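Colleague: Hey, got a minute to look at a structure with me? I'd like to start with how far we can trust it.

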Amino acid sequence: LSSSNSPEQVTDMPFPLPPMRLTGADILRDGEMQRRSVALANGRITRGPLPEVDLRGYLVLPGIIDMHGDAFERHIAPRPSAPFPVRSGLHATDRDAAANGITTAWLAQCWSWEGGLRGPDFCQLVLQELDAYRNDALIDLRVQIRCETHLPDTRDQLLAAVARHGVDYVVFNNHLPEAIQMGETAPHRLADWAMREGTSIEVFMARLHAAQARRDEIPRHLCAMAEAFDRMGVIYGSHDDPDGETREQYRLMGARIAEFPTHSSAASLAKCCNDPVVMGAPNVVRGGSQAGNVSATVLIQRGLCDALVSDYHYPSLANAAWALIDRGLCDLPRAWAMISSTPAEIMRLPDRGQLNPGKRADLVVINARTRVIEATISNGRLAYLSGEAGARFIGAAMQSPGQIAAE
C-alpha cells in the first residue's frame with residue numbers, strides 16, 4: 001500500500017474494499033451489542049448477500065471520531081529543535097490514527113502568540129499541506145484551529161484561512177495568564193518556549209505583556225469572530241475554561257462546546273445549558289489530569305462529560321473506553337458512544353458514528369479476547385490491518401473478486 005521516493009513524498013494509497021459481509025462478530029448496533037452481520041459496499045454500510053469474511057471472536061464497532069488531537073506535533077517535530085517536513089508528519093499521523101481505530105480526526109493546530117510551530121504562519125502551512133495530502137489520506141483528516149484569544153490583529157488572516165481551507169472547527173483559549181505566571185515563577189520553563197521559536201526569554205515576555213495590554217479589545221474581537229463563524233457554518237467552542245463564569249462568557253457569544261474544562265464548575269455550567277463537554281481520554285486512562293486539573297473520570301461519574309478525545313495520545317481513545325468498562329462506570333455501548341456516535345452528533349456528522357445501512361463504512365475490528373484493534377476501515381477503504389483478522393480478510397479476498405490492499 002505504500003510507495004515512496006523521499007520522506008516528504010511518502011503516501012499510502014487507500015484502495016476501496018470489494019463488497020463484503022462481516023459475519024460471526026458481535027457488532028454495536030442501535031445502542032447494544034448484537035450477534036449479526038454487517039455488509040459493506042461502495043463506501044457505505046449496506047444490505048444483501050455478499051462474499052463473507054468470518055470474524056467470529058471479534059467485535060465490530062463504529063470508527064472512532066477524534067475531535068481534538070495534538071499528537072501530530074510529535075510526528076512533525078519529534079524534538080522542538082528537529083522539525084521534519086509537514087507532509088511526512090501528516091503521513092505518520094494518518095497511519096498512527098488509523099492503527100488506533102480512528103476514522104475521522106481533527107488535528108488541533110494552534111494559532112498562537114507562541115509563534116514557531118504554534119504560530120499563525122505555521123498553522124497556514126499545515127492547512128496547505130493537508131489540502132495537498134487529503135486525497136491520499138487513509139482516514140478523514142481535518143484541522144481544528146486552537147485560537148489564542150489575544151491576537152486581534154490576526155483576525156482577518158484567520159478568517160481568510162478558515163474560508164480558504166474549509167476549516168469547520170475552532171476553539172478559543174487564553175493561556176496568557178498561565179504563561180505570564182510561568183515567566184515570573186518558573187522562568188526556565190518559559191525559556192524553553194522562547195527557545196522553540198529561536199528568541200530570548202526577554203523578547204518572549206515582552207510579547208506576552210504586549211498581548212495582555214490589549215485585554216480591553218478582546219471581547220469585541222471574539223464576538224466579531226463568532227459572528228463570522230456563524231455565517232460560515234463553523235462549529236466553535238472554548239478550551240480550558242477555568243470556571244463557570246468563563247464558560248458562561250464563551251457560551252453567550254456562541255462558543256457552545258466546552259473542551260477540557262479545568263474545574264468542575266465550568267463543566268457543571270455547560271451541562272446546565274445543554275452544551276457538550278469534551279475531555280481527554282489520557283485523563284481517564286491515567287486516572288487523572290497530567291496538569292493537575294479536574295479528573296475526567298469524576299466528571300463522567302457525575303454525568304458531566306459527553307465525549308472523549310485523544311488529546312496527546314491516540315491509543316488512549318480505545319483504552320479509555322475499556323478503562324470505563326473495567327471500572328464499572330459504563331457498558332461497552334455507552335463507553336464507545338463517547339468516542340464515536342456522540343462526537344458525530346456534536347460535530348454534525350450524521351453519516352457516521354453508527355453501523356446502520358446508508359452510513360459511511362467507518363468501523364473498527366477488535367479482537368474480543370485481547371481487545372487489540374486488528375483492522376480499521378474508513379469510508380469503505382482499508383486503513384489498517386494486522387493479526388488474525390488480517391489473515392481472514394486476505395483469505396476472503398483470495399476467494400472473491402476485487403482486491404484488498406493492506407499495510
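Colleague: So which bit near the end should I be careful with, say around residues 402-407?

Modeller: This is a predicted model, and over residues 402-407 the pLDDT stays under 50. The model still has 22 contacts beyond four places in sequence for that stretch. Where pLDDT is low, though, don't read the predicted coordinates in detail.

Colleague: And what about residues 1-11?

Modeller: There too, pLDDT stays under 50, and the model has 24 contacts beyond four places in sequence for residues 1-11.

Colleague: OK, and what's the mean pLDDT of the protein chain?

Modeller: It's 91, with 94% of the residues at 70 or more.

Colleague: Switching topic: how many aromatic pairs does the structure hold?

Modeller: Six. One of them is Trp113 with Phe204, an edge-to-face pair at 6.5 Å centre to centre and 70° between the planes.

Colleague: Where do Trp113 and Phe204 sit in the chain?

Modeller: In distant parts, 91 residues apart. Trp113 is in the loop between strand S11 (102-111) and helix H3 (120-133), while Phe204 belongs to helix H7 (residues 201-212).

Colleague: Buried or exposed, those two?

Modeller: Both Trp113 and Phe204 are buried. Another pair is Phe229 and Tyr236, which is tilted: 5.5 Å centre to centre and 55° between the planes.

Colleague: Why is Phe229 called buried? And Tyr236?

Modeller: Phe229 counts as buried because its relative accessible area is 0%. Tyr236 is buried because its value is 4%, and the cut-off is under 20%.

Colleague: Which cluster do Phe229 and Tyr236 belong to?

Modeller: Ring pairs link them with Phe172 and Tyr250 into a cluster.

Technical notes:
Residues numbered from 1 in each chain as written. Predicted model: local features only at pLDDT ≥ 70, side-chain atom pairs only at ≥ 80, totals over all residues. Heavy atoms only, no water. pLDDT = per-residue confidence, 0-100. Contact = heavy atoms within 4.5 Å. Phe/Tyr/Trp six-rings, centres within 6.5 Å; stacked < 30°, edge-to-face > 60°. Helix = DSSP H or I, 4+ residues; strand = E, 2+ residues; numbered from the N terminus. Buried < 20%, exposed > 50% of the residue type's maximum accessible area, 1.4 Å probe, protein only.
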